[in-house]
Amino acid sequence: KKLERELQKVKRDLDKARDDEKKIEDQDYGPDNVLLTLREACVAKNVSQYTYEVCLFNEVRQKDSRSSRSYRLGRFDSLQYGDGAEKDTLKSIVYKNGDRCPGKAREAIVDLSCGAENLITSVDEPETCVYHFSLLTPAVCGPPDTSSFPHDGEEL
């Protein structure tokens, strides 16, 4: 009996690992999977009485230090890309279906820019229950521009 239970547990763990692997394969992590390394990353910023936490492929939360209440501002929904010539450029991450607030569910947009570390630089609420974040991350910096480096055979 005990051996049977252990075997069932191993089978469940294996099935879960396969499901997790499939989710990773099916998820859009941007061009060349630039955000894959951030799939479990969270970044926080304190603003006044609130702590905002962006977990990139999970959810965005707002925690109130005065009341100890926490609100889900949205769950990961999609990646947004640029238009026209920038159609392959990753611009932002969209989070929808957060906790209810008057009239609708909360939502958040996290704009991505190149930076040396994962860092939330600003948080804004441009309209009620719609939150806008700016996030720096090295993941979207792209390859370094080597056009100004000397080429083979050239003198410095």
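**Entry 1. A starting question**

Is C141 buried or partly exposed, and what is its relative accessible area? I looked this up in a predicted model. I found C141 partly exposed, with a relative accessible area of 32%. That value lies between the cut-offs of 20% for buried and 50% for exposed.

**Entry 2. The partner of C141**

I next looked for the bonding partner of C141 and found a disulfide with C114, the two sulfur atoms being 2.0 Å apart. I read 100° about the S-S bond, and the link of C114 and C141 is right-handed. C114 lies in strand β8, whereas C141 belongs to the segment after β10, so the bond ties together parts that are 27 residues apart in sequence. I noted C114 as partly exposed too, at 48% relative accessibility.

**Entry 3. The other disulfides**

I then asked how many disulfides there are by this rule. The count comes to three. As a reminder to myself, a disulfide is a covalent bond between the sulfur atoms of two cysteines.

I located one of them between C42 and C55, with sulfur atoms 2.0 Å apart. This pair links distant parts of the chain, with C42 in strand β1 and C55 in strand β2 (residues 50-55), 13 residues apart. The torsion about the S-S bond is about 110°, so this disulfide is right-handed. I compared the two ends: C42 is partly exposed at 41% relative accessible area, while C55 is buried at 9%.

I also recorded a disulfide between C101 and C129, where the sulfur atoms stand 1.7 Å apart. C101 sits in strand β6 (residues 100-101) and C129 in the loop between β9 and β10 (130-137), and the two are 28 residues apart. Both C101 and C129 are buried.

I counted the bonded cysteines along the chain and obtained the pattern 1-2, 3-5, 4-6.

**Entry 4. The sheet**

I turned to the strands and traced an open sheet of eight, in the order β1-β2-β3-β4-β5-β8-β10-β9, with mixed pairing. The edge strands are β1 (42-47) and β9 (119-127), each of which pairs on one side only. On average, neighbouring strands of this sheet are turned by 25° against each other, direction ignored.

**Entry 5. One pairing in detail**

In which sense do β5 and β8 pair, parallel or antiparallel? I found strand β5 (residues 90-96) and strand β8 (residues 107-114) antiparallel, over four bridges. Within this pairing I noted S92 opposite D111 in β8. Strand β8 is also where I had placed C114 of the disulfide with C141.

Methods
Residues are numbered from 1 along each chain as its sequence is written. This is a predicted model: local features need pLDDT of at least 70, side-chain atom pairs count only at pLDDT 80 or more; totals for chains, interfaces and linings use all residues. Side-chain values use heavy atoms; hydrogens and water are left out. Two strands pair if DSSP finds at least two bridges between them. Axes are lines fitted to C-alpha atoms, for helices over the stretch in contact, and angles run from 0 to 180 degrees between N-to-C directions. A disulfide is a pair of cysteine sulfur atoms within 2.5 Å. Buried means under 20% relative accessible area, exposed over 50%, partly exposed in between (1.4 Å probe, protein chains only).
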